[in-house]
Amino acid sequence: MASSDSDSQLKIVHGDAGYILEDVPHFTDYILNLPTYPNPLRSNPAYSVVKQYFVHMDDTVPQKVVVHKDSPRGVHFRRAGPRQKVYFKSDDVHACIVTCGGLCPGLNTVIREIVCGLSYMYGVNKVLGIDGGYRGFYSKNTINLTPKVVNDIHKRGGTILGTSRGGHDTGKIVDSIQDRGINQVYIIGGDGTQRGAAVIYEEVRRRGLKVAIAGIPKTIDNDIPVIDKSFGFDTAVEEAQRAINAAHVESESIENGIGVVKLMGRYSGFIAMYATLASRDVDCCLIPESPFYLEGKGGLFEFIEKRLKENGHMVIVIAEGAGQDLLTESMQAMDQKDASGNKLLQDVGLWISHKIKDHFARKDKIAINLKYIDPTYMIRAIPSNASDNVNCTLLAQSAVHGVMAGYSGFTVGLVNGRHTYIPFNRITERQNKVVITDRMWARLLSSTNQPSFLSPKDLDEAKKAEQPPSELLEGSNCNDIGEAEKKENNFPHLLHGDNFKDEQQSENHADNSIQTIN
């Protein structure tokens, strides 16, 4: 390695051929002469058949896997997994877990696997659950977590620890951590929660405490950058199919039937986009990233008329953050925010349903029957599916391995099929959004055969705003390459120990309420 620059949360290491490692903090950055101990996994029967027990210290994962032959090697992240030496004795560990923000499928699975991972892999028997989010550190009781307590919680939706928005008081939280003798903190939440975790890490470091802070990113919208996808996303897309299917059955069963389904997606339309592609019953998908208009030539109303004349019915999927600029009657509410700092959005699904009904009421020739379905809270509250359960397990185990190895101030995530440790600031610096100039959005437009609703001016602005310097080097989270292509180009010469089981697994990848708008 040629050179190294570091600050409290981000360590930049430069190497040959344009190699850059965005490393994560470690105890040894601010605490001297720490003792180390052999990793208990050396004698763990589960790892007795693994050819290489431990991740090599130089193992890193490239952020971009599609490159030109003369491209620099680019940004890398430290590969997750167990190390030969650990910085905690098993009996000295006093861990805690907290869940913050909105509900998401898989929360209980992550909790379960952190507890079981600490116990079964490292012999840790002191794990606390913090009740009710960040404010639970200083205002509520804790829950003792054991493998027996969490044994079947993955079969339930929600979080057994409870959750809340806001309540972040750094001083009180770190005081509570010190007073309780906690030395490992696992924080499960979205970008706002991870920002809070970064601040907690800074205070812990300022006080010189040997306390590891690890984040597990949670967002059902899949709007966290860098990582391939967030846990709960697959479940949300799968469950959304039920709502779309109901809308399709309703609309198909009556003359000029229209089914409108509102899905989650405050700023990012990934759930709506993937649910539409998976369904094949959707005629029009509307997301926050792609502007649309109602009236006039090329507008939504014209397209609805056209599709009704062709098929006699249609299904519209709309993300909750789409079309907010069109809700001019409620603009005064746009500045209101919830406890997490998110803007309070108007119900665009109900609004657009009324707009469609009003439009066709003025046209005597077409009488429509519209059904509006909002499955939001039903999707959030269900248990995770098989795919997400595997994802949650590997995320939790990777976080445990990293903390035991002395890393702190990081979040764990899947990058190009490999679990990695990512600095907090990379997770919180921006939101991951659908790039409407990307091939994935073009695939959706081809599938639904809907217009883009973009004027030439809008399209030019979108290209200027979103087009990366090179499509081959940027936009890996925008799905411009398929999963198979990712695996084929995953730079095996940069990785060691491909027989490590955690990573092998990562590569193998309710009736809904219906409202009739009268």
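Helices and strands here are DSSP runs, numbered from the N terminus, a helix having at least four residues and a strand at least two. The model you are looking at is predicted. Let's work through it together.

**Exercise 1. Locate Val226 and say what is notable about its backbone.**

Step 1: Find the place. Val226 is in the loop between strand E12 (212-217) and helix H5 (233-252).

Step 2: Look at the backbone angle. The phi of Val226 is near 75°, a positive value in a residue other than glycine.

Step 3: Check the surroundings. Val226 has 2% relative accessibility, so it counts as buried.

Step 4: Set another residue beside it. Asn33, in the loop between E3 and E4, has a positive phi of about 55° although it is not a glycine. At 78% relative accessibility, Asn33 counts as exposed, whereas Val226 is buried.

**Exercise 2. Classify the ring pair of Phe27 and Phe88, then describe its setting.**

Step 1: Start with the whole structure, where a search finds seven aromatic pairs.

Step 2: Take the geometry of this one. Between Phe27 and Phe88 the distance is 5.7 Å centre to centre, with 70° between the planes. Rings pair if their centres lie within 6.5 Å, and planes over 60 degrees apart count as edge-to-face. The pair is therefore edge-to-face.

Step 3: Trace the chain. Phe27 is in the loop between strand E3 (19-23) and strand E4 (37-38), while Phe88 is in the loop between strand E7 (85-86) and strand E8 (95-99). They are 61 residues apart, and the pair links distant parts of the chain.

Step 4: Ask about burial. Phe27 has 0% relative accessibility and counts as buried; Phe88, at 3%, counts as buried too.

Step 5: Add the neighbours. Ring pairs join Phe27, Tyr30 and Phe88 in a cluster. The charged end of Lys210 sits over the ring of Phe88, 4.7 Å from its centre.

**Exercise 3. Explain why Phe303 and Phe453 form an edge-to-face pair, and say what the pair ties together.**

Step 1: Use the geometry. The ring centres of Phe303 and Phe453 are 6.4 Å apart and the planes are at 80°, so the pair is edge-to-face.

Step 2: Place both residues. Phe303 lies in helix H7 (residues 300-311), and Phe453 in the loop between helix H12 (439-448) and helix H13 (456-466). The pair therefore ties together parts that are 150 residues apart in sequence.

Step 3: Finish with burial: Phe303 and Phe453 are both buried.

**Exercise 4. Describe the largest nonpolar core.**

Step 1: Give its size. This core has 104 residues.

Step 2: Name the residues with the most contacts inside it: Ile97, Ile114, Tyr186, Ile213 and Ile216.

Step 3: Find the main contributor. Helix H1 (residues 107-122) supplies nine residues, the largest share.

Step 4: Zoom in on Ile114. Not counting residues up to four places away in sequence, Ile114 touches Ile97, Tyr186, Ile188, Ile216, Ala396 and Val400.

Step 5: Look beyond this core. Apart from it lies another core, of 26 residues, among them Leu286, Leu327, Val348 and Ile366.

**Exercise 5. How many disulfides does the structure hold?**

Step 1: State the count, which is zero.

Step 2: Test Cys104. The closest cysteine sulfur, in Cys392, is 7.6 Å from that of Cys104, too far for a bond. Cys104 counts as buried, at 1% relative accessibility.

Step 3: Test Cys284. Its nearest cysteine sulfur, in Cys285, is 7.3 Å away, and Cys284 is in no disulfide. Cys284 also counts as buried, at 0% relative accessibility.

Conventions:
Residues are numbered from 1 along each chain as its sequence is written. This is a predicted model: local features need pLDDT of at least 70, side-chain atom pairs count only at pLDDT 80 or more; totals for chains, interfaces and linings use all residues. Side-chain values use heavy atoms; hydrogens and water are left out. Rings of Phe, Tyr and Trp (its six-membered ring) pair if their centres lie within 6.5 Å; planes under 30 degrees apart count as stacked, over 60 as edge-to-face and the rest as tilted. Buried means under 20% relative accessible area, exposed over 50%, partly exposed in between (1.4 Å probe, protein chains only). A charge sits over a ring if NZ of Lys or CZ of Arg is within 6 Å of the ring centre and within 35 degrees of the ring normal. A nonpolar core is a set of buried Ala, Val, Leu, Ile, Met, Phe, Trp, Tyr and Cys residues joined through side-chain atoms within 4.5 Å. Contact means heavy atoms within 4.5 Å. A disulfide is a pair of cysteine sulfur atoms within 2.5 Å.
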